[in-house]
Amino acid sequence: MSEPRVRRAEIAIEQTHVDRVYARLAELRTQAEAMRSKGYEIGMGAGREAIFEQASMLFERDMMVFHANQTLQTLDAEYEGLVFGRLDHLATETIYVGRLGIRDSEFDNLVTDWRAPAAAAFYQATAEEPMEVVRRRVIRCSGQNVLDVDDDVLIADAVPADMQIIGEGALMAALGRSRGEKMRDIVATIQKEQDEVIRAPWRGVTEITGGPGTGKTAVALHRAAYLLYRYRRQLGGAGVLVVGPSGVFTSYIERVLPSMGETNVELRALGEVLDGLEATRQDPAPLAAVKGSLRMRKVLLRALRETPPDAPKDMRIVYRGEVLKLDARELEKVRRKVHGHGGPPNRSRIRAAEALLDTLAAKAEQHAKEDGKSFEKADLVYELGERIEFHRFLVEWWPVLYPAQILRWMGDEPRLAAAAKGLLNRHEISMLAASMADRSRGWSVADIALLDELRVLIGPEPKRRRSQEPVEEHPSRSGSGTHRPSHYDEYSHVVVDESQDLSPMQWRMVGRRGKYASWTVVGDPVQSSWPDPEEAAQARDHAFGTSAARRRFTLRTNYRNSAEIFDLAAKVVAGHAEADDLPHAVRNTGIGPDVRMVDALGLEGAVQAATKELIDSVEGTVGVITAMERVTEVEGWLAGQADERLKVVGSLDSKGLEYDAVVLVEPMDLVTESTTGRRVLYVALTRATQQLTVLASNPDWLPH
């Protein structure tokens, strides 16, 4: 039976059990409602009894109603995703793990509460210490419906022949069943190296590196679950933040790491880290490189200190019959003086008012001396400081600043050029100004880090009025409905996946959320799409803090790709990576990549034909990977092939994902669109688990 059919069959099996659980839940709810009604009936009849008996009955009523309401509240609170795990042991019955312990009418166990000792293995069992668990299954539900399952195999050579394994655990089971000692050794090696990472100390920084298909993400998420259980007192209250590269990727994380009864795991893509905003659009690589550079912090600081475009150009105010004037040059001098103190502008209005009054006083004193009159500065400060026209001028001249407002101002190229002088070249300024001027497509992922940097530089905004720029509350993505304060920075543990792609500015943004945190950081330098790894490393180390203990683990076994597919990917990236940086693919299928040279004019038909071939030959997912700028075009080509298994994805968005079969369109487009071209192509070539078809009109991408 094919993997998709096996998956559907296993989902149906789990659905049967989940249906049974919710049926029992309905019975318990009915019983609790009946108990509450009985309690009220007792209270109604109490008036006809003696006073002593009445007091006793009222107490009995109150206790019945209290316990009934408490039961109903618990049943309602734990209704969503009640069952999320299953443990299959060596010699004992299967245990289902969930948010609440439930027994049937015969007192047989239907669901074990995740807090019970019997459920501990769901969090604590590893390949090194499996706690007699053969298979650990994650069950993903929405309401009462089972959506998917995913398995870990902890004792590979003990998997019964009739036990079906879903997900990456299927390979472990297959290798474990193999009669050859070499395959058994591979299983032991893979599981041992992953187990060491999962159980590493929680304090400090744990870095996990490894090539495609080595299970980095799965290991990191199992580590998060293990740490939450093992160190609940240290980590539980402040919460755990998981950051991934895209919304598609965090959806995958939600499948691997369910809520598990927790209320403190928050999942966010890089475009969602700043509260109230969600960006999915990627900038072209050269523009993203500018926005992500640490140079941008200085550009932003200069930009916010410039005179706002709508600010008054001069000031006129009457004091004791004489007009005091400050021209644009004098006002700019005052502004520089206020900014020279270094405080956030949104907290500096009082200082700005004082500086304006000092300048006006100096001018009034000069006039008084010229006229031979006496002058008291305190009188001027008191009188002008109380006037409504002074405060109106101040509000216009030193307005409240908003991050989005600053970036929009940078769409004016001459204004941006002044702020970027000596930091960006002319071409970079033009690119950046054009991007900031065009708001028709909303913010890009790279813009979010700039907005967060500005949020800190300008200081907190005053309480918003409806006429001001609203920022929606950003709910937790933990699935629990938990809400944290805006821009929460007290997470106890932060997990960063695909860390090699974070720009320096994004590291600064994520680092603010982990001021007091320990870290688990997952990445592969060979897959990096960031052109300046040294600059990124500097920002990353700043995010971790200088005193943080560091430990590094490298996973070296690729069990996603066949050896035939990975051999091509390794040759393509060979000039950009050391041999030791590449994993070893252990699975041979005998099916090599299908590389087809096509005419550029016939590319559309070639893509359609190759996609149809793969849809017909595999029952799983088919990914069509193309350059970012061609995604919409290729989607149009394949509009007639309506199949839910088919996905068209851009090169950068394919990172972290996998498909049973892949059509890679024009590999040279991937090389030329990125500043780290062959590394991006390496990523695209390693997304397929079974079959890979490459369509190319230009052979320059091929290894020599």
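# A guided tour, beginning at a helix pair

Select helix 21 and helix 25 to begin: I565, F566, L568, A569, A570 and V572 in helix 21 meet R678, L681, Y682 and L685 in helix 25. A contact here means heavy atoms within 4.5 Å. Helices (H or I, at least four residues) and strands (E, at least two) are DSSP runs, numbered from the N terminus.

The model is a predicted one, in which local features need pLDDT of at least 70 and side-chain atom pairs count only at pLDDT 80 or more, while totals for chains, interfaces and linings use all residues. Residues are numbered from 1 along each chain as its sequence is written, and side-chain values use heavy atoms, with hydrogens and water left out.

Keep the two helices selected and view their axes. Helix 21 covers residues 563-572 and helix 25 residues 677-685; they pack at an angle of about 175°, with their axes 9 Å apart. The axes are lines fitted to C-alpha atoms, for helices over the stretch in contact, and the angles run from 0 to 180 degrees between N-to-C directions. Helix 21 and helix 25 are therefore roughly antiparallel to each other; angles over 145 degrees count as such, those under 35 as roughly parallel, 65 to 115 as roughly perpendicular and the rest as oblique.

## The whole chain

Now display the entire protein. Its secondary structure comes to 25 helices and 21 strands. Of its 704 residues, 54% are buried, where buried means under 20% relative accessible area, exposed over 50% and partly exposed in between (1.4 Å probe, protein chains only). Among contacts between residues at least 6 apart in sequence, 75% join residues at least 24 apart.

## The nonpolar cores

Select M296, M410 and W519 next. These residues have the most contacts inside the largest nonpolar core, which has 53 residues. Such a core is a set of buried Ala, Val, Leu, Ile, Met, Phe, Trp, Tyr and Cys residues joined through side-chain atoms within 4.5 Å. Helix 18 (residues 445-458) gives the most to this core, with eight residues. A second, separate core has 31 residues, including V526, A585, L657 and A696. In soluble globular proteins, nonpolar side chains tend to be buried together.

## The six-stranded sheet

Turn to the open sheet of six strands, whose order is 3-4-2-1-5-6 with mixed pairing. Two strands pair if DSSP finds at least two bridges between them. Strand 3 (102-103) and strand 6 (145-153) each have a single partner strand and stand at the edges, so one side of each is left without a neighbour in the sheet.

Within the sheet, select strand 1 (residues 83-89) and strand 2 (residues 95-98), which pair in the antiparallel sense over four bridges. They form a hairpin with five residues between them. At one bridge, V83 has G98 in strand 2 as its partner. G98 also has a bridge partner in strand 4, namely D113. Strand 2 and strand 4 (residues 109-113) run parallel and are joined by two bridges.

Colour the side chains of strand 2. I95 and V97 point one way, Y96 and G98 the other, and all are buried. H89, in strand 1, is in contact with I95, M131, E132, V133 and V134, leaving aside its neighbours within four places in sequence. At 15% relative accessibility, H89 counts as buried.

## A two-residue hairpin

Move to strand 10 (residues 315-319), where M315, I317 and Y319 form a covered face and R316 and V318 an uncovered one. Strand 11 (residues 322-326) runs antiparallel to strand 10, joined to it by five bridges. In strand 11, E322 is the bridge partner of Y319. The two strands form a hairpin with two residues between them, and R320 in the turn has a positive phi of about 55°.

## The last stop: E666

Finally, select E666, found in the loop between strand 20 (659-665) and helix 24 (667-673). E666 is buried, with a relative accessible area of 6%. Leaving aside neighbours within four places in sequence, E666 is in contact with L603, R630, L695, A696, S697 and N698. Add A600 to the selection: E666 and A600 are 66 residues apart in sequence and 9.0 Å apart in space, C-alpha to C-alpha.
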